Amino acid sequence: MENLLFIANTVLPVFLIVFLGIFLRKNGLVDDNFVNHSSRIVFNISLPVLVFLELSRLDADTAFEFDQILFVYAGTIFSFILSWVLSKPLIQDSLSSMCVTGS
C-alpha cells in the first residue's frame, strides 16, 4: 500500500496537469500550440525532475529487495540464453529453406 501511495504522489500531479490542459483546450481557453509546448515541458522536464526528487529521498536499502532484483536478472539472462539456444536450429532451417526456394 505504501508503494501505491508513493507512485500516486509521484505521477498524479503530472496527470492532473495534462487533464487540466485538455479541459482548457476543449473550452477554448488555450490553443493547440500552447498545449504542444506545455506538454513537451511537462514530459521532458517536469516529470524527470519530479521522479528524480522522489528517488533522491528514497532509502534504497528498505525500498529495494536485492534478492528479488537478482532473481529477475537471473531469469532474464536464463530466458535470453534459452531463447538463443532454441532459436538457433530454427533460424538455420529457415535460412536454408529460403536459399533453396530462392534459387
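# A tour of two pockets and a helix

Guide: Welcome! The lining of the largest pocket counts 5 nonpolar, 2 polar and 4 charged residues by class. Please keep in mind that the model is predicted.

Visitor: What is the volume of the largest pocket?

Guide: Let's begin with its walls: Glu-2, Asn-3 and Phe-6 are among the lining residues, as are Glu-54, Leu-55, Arg-57 and Leu-58. Asp-59, Thr-62, Ala-63 and Phe-64 also belong to this lining. The space in the largest pocket comes to about 330 Å³.

Visitor: Which helix supplies the largest share of the lining of the largest pocket?

Guide: There are three helices to consider, since at least two lining residues come from each of helix 1, helix 2 and helix 3 (60-63). The largest share is 3 residues, and it comes from helix 1.

Visitor: How many charged residues are in the lining of the second largest pocket?

Guide: The second largest pocket has a volume of about 170 Å³. Its lining includes Ile-17, Val-18 and Leu-20, along with Phe-34, Val-35 and Val-42. Helix 1 and helix 2 each give at least two residues to this lining, and helix 1 gives the most, with 6. Sorted by class, the lining residues are 8 nonpolar and 3 polar, and the number of charged ones is none.

Visitor: Does the length of helix 2 fit its residue count, or in other words, how far apart are its end C-alpha atoms?

Guide: Helix 2 runs over residues 32-56, which makes 25 residues. At 1.5 Å a residue, helix 2 should therefore span 36 Å. The model agrees with this, as the end C-alpha atoms lie apart by 35 Å.

Visitor: On which residue is the kink in helix 2 centred?

Guide: The kink amounts to about 35°. Its central residue is one of the buried residues of helix 2, and it also lines the second largest pocket. The kink is centred on Val-42.

Visitor: Is Glu-54 buried or exposed?

Guide: Glu-54 sits in helix 2. Buried means under 20% relative accessible area. Glu-54 has 17% relative accessibility, so it counts as buried.

Visitor: Which residues does Glu-54 touch, leaving out those up to four places away in sequence?

Guide: A hint comes from the cover over the buried residues of helix 2, which includes helix 1 (2-26). Glu-54 is one of those buried residues, listed with Val-35 and Val-42. The residues that Glu-54 touches are Phe-6 and Thr-10.

Terms used:
Residues are numbered from 1 along each chain as its sequence is written. This is a predicted model: local features need pLDDT of at least 70, side-chain atom pairs count only at pLDDT 80 or more; totals for chains, interfaces and linings use all residues. Side-chain values use heavy atoms; hydrogens and water are left out. Helices (H or I, at least four residues) and strands (E, at least two) are DSSP runs, numbered from the N terminus. The expected span of a helix is 1.5 Å times one less than its number of residues. The bend at a residue is the angle between axes fitted to the seven residues ending there and the seven starting there. Buried means under 20% relative accessible area, exposed over 50%, partly exposed in between (1.4 Å probe, protein chains only). Contact means heavy atoms within 4.5 Å. On a 1 Å grid over the protein atoms alone, a cavity is a set of points where a 1.4 Å probe fits but cannot get out, and a pocket is an open set with protein on both sides within 12 Å along at least five of seven lines; lining residues have an atom within 4 Å of a point. Grid points are joined across faces, edges and corners, and a volume is the space filled by probe spheres set on the points. Ala, Val, Leu, Ile, Met, Phe, Trp, Tyr, Cys and Pro count as nonpolar, Asp, Glu, Lys and Arg as charged, and the others, Gly among them, as polar.
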